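The following report considers how a helix and its surroundings are packed, and then turns to the nonpolar cores.

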Amino acid sequence: NTSKFKYFELSVDPSCEIAEIKKTWPNGVDLLVTDGYQLDCGFESNCRNWSKTILSIDDLADRRHHCDFLLDSSPNRKSSDYARLVPPHCKLLLGVDFALLRNAFAEKRETALTKRYQQNYLARILVNFGGSDASNLTPTALRAIEKSGAELVVDVMMGAAANNRAEVEDTITKIALTTQL
């Protein structure tokens with residue numbers, strides 16, 4: 001039943017939208033979840049008196065947040081990465097244990113692991129460093145796969161607006177991998 005849900009899409013400049021958001025939900029909300037590279041402590045602070053709890057989703061650790069919870073499922077993420085970026089009361093949810101995945105992935109995990117252990121070879125690999133690949137790791141991974149000499153299919157997943165997309169496409173054409181982008 002979609003009548004339970006209200007959907008609001010921010011424009012390019014979220015600071016212009018705060019009044020509209022508050023007008024749409026005049027009594028405030030129990031939980032505000034923010035996820036966007038343009039959203040930071042300024043946006044969250046402006047929503048503070050209106051939202052009881054704020055959960056920010058981030059994967060860059062490059063800007064301040066004014067939130068109660070911060071989720072970053074990047075591998076090897078450490079609390080020290082956010083030491084000066086979140087308020088002292090903020091609870092950090094860090095690392096791959098907090099990855100936001102549909103239940104279908106969890107349901108298929110056992111089958112996939114069983115299949116993996118029964119196979120004696122690697123046939124296909126997925127390369128993904130987030131939608132934007134902010135650290136530009138995809139070309140390095142592709143060159144390492146090529147250098148390994150493994151005969152496999154490589155799937156590369158990244159956002160259409162990723163800054164390094166042209167470099168990734170160039171790397172794919174230069175190396176001898178069966179690749180899908």
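Which residues are buried in α4? This is a predicted model, in which local features need pLDDT of at least 70 and side-chain atom pairs count only at pLDDT 80 or more, while totals for chains, interfaces and linings use all residues. Residues are numbered from 1 along each chain as its sequence is written, and side-chain values use heavy atoms, with hydrogens and water left out.

In α4, the buried residues are T138, P139, A141, L142 and I145, where buried means under 20% relative accessible area, exposed over 50% and partly exposed in between (1.4 Å probe, protein chains only). Helices (H or I, at least four residues) and strands (E, at least two) are DSSP runs, numbered from the N terminus. Seen down the axis of α4, the buried residues fall within an arc of 160°, so they line one face of the helix; the arc is that of the directions from the helix axis to the C-beta atoms. The face turned away from this buried side carries the exposed residues K147 and S148, and just after α4, G149 takes a positive phi of about 80°.

The elements against which the buried residues of α4 pack are tabulated here.

| Element | Residues |
|---|---|
| β5 | 124–127 |
| β6 | 153–156 |
| α5 | 165–174 |

T138, which belongs to helix α4 (residues 138–148), is buried with a relative accessible area of 2%. Its side chain is joined to that of D133 by a polar contact of 2.6 Å, a polar contact being a pair of N or O atoms within 3.5 Å of which, within protein, one must be able to donate a hydrogen and the other to accept it, and residues adjacent in sequence count only if both atoms are side-chain atoms. Not counting residues up to four places away in sequence, T138 touches V127, F129, D133, V156 and V168, contact meaning heavy atoms within 4.5 Å.

Two of these partners also face each other across strands, since V156 in β6 is the bridge partner of V127. The strands β5 and β6 pair in the parallel sense over 4 bridges, where pairing requires that DSSP finds at least two bridges between two strands.

Of the 16 residues in the largest nonpolar core, L32, F43, C67, L70, Y82 and V86 touch the most other members; such a core is a set of buried Ala, Val, Leu, Ile, Met, Phe, Trp, Tyr and Cys residues joined through side-chain atoms within 4.5 Å. Apart from it lies another core, of 12 residues, among them A141, I145, L152 and I175.
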